[in-house]
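Work through the exercises below with the model open. Each task is followed by its solution.

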Amino acid sequence: MLFKHTLTRTVTEWDNVQFSTMTMNPQPLHIDAHYSAKTEFGRPLVNSLFTLGLMIGISVADTTLRTTIANLGMREVAFPAPVFQGDTLSVTTEVLSTRVSASRPEAGIVEFLHRAYNQDGIEVARCTRSAFMHKEPA
């Protein structure tokens, strides 16, 4: 099953600086315009952990709202292209697998593949996420 989420989000300078500050990340590549102007990117990069959170957050309304018990883990996290302030991200989520929990038959484990794209259709992030979920009542 593939979800093409209709919700999109433009990333702002405030998002990037606020998130980096809140997470105690002093990387000048994210928060210092003068420093980052001298790099190969020529401008600040959006914090990749913000991008990861935004990508998964965009998926929630269509996939896991009020059904998640816990996130079990994320793997194969990749950022194949940079995200810049002003980029608008869209997301797809593919359900890779489902299985009933061995210890809790009213729950199961769902494996998702999330992908984020910028306004030009370039993939900027992806990850595989395993989530512990309530099953639909019988």
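**Exercise 1.** Classify Met-24 as buried or exposed, then place it and describe its phi.

Solution. Met-24 is exposed, at a relative accessible area of 72%; buried means under 20%, exposed over 50% and partly exposed in between, with a 1.4 Å probe and protein chains only. Next, its position: Met-24 sits in the loop between helix H1 (13-22) and helix H2 (28-31). Helices (H or I, at least four residues) and strands (E, at least two) are DSSP runs numbered from the N terminus. Last, the phi of Met-24 is near 60°, a positive value in a residue other than glycine.

The model is predicted: local features need pLDDT of at least 70, side-chain atom pairs count only at pLDDT 80 or more, and totals for chains, interfaces and linings use all residues. Residues are numbered from 1 along each chain as its sequence is written, and side-chain values use heavy atoms, with hydrogens and water left out.

**Exercise 2.** Do the same for Arg-66: buried or exposed?

Solution. Arg-66 is exposed, with a relative accessible area of 80%. The loop that holds Arg-66 runs between helix H4 (48-63) and strand S3 (68-78). Although not a glycine, Arg-66 has a positive phi of about 65°.

**Exercise 3.** Which residues lie nearest the centre of the largest pocket?

Solution. Of the 16 lining residues, Thr-98, Val-110, Met-133, His-134 and Lys-135 lie nearest the centre. A pocket is an open set of points on a 1 Å grid over the protein atoms alone, where a 1.4 Å probe fits, with protein on both sides within 12 Å along at least five of seven lines; lining residues have an atom within 4 Å of a point. Strands S4 (88-100), S5 (107-117) and S6 (123-134) are the elements that each give two or more residues to this lining.
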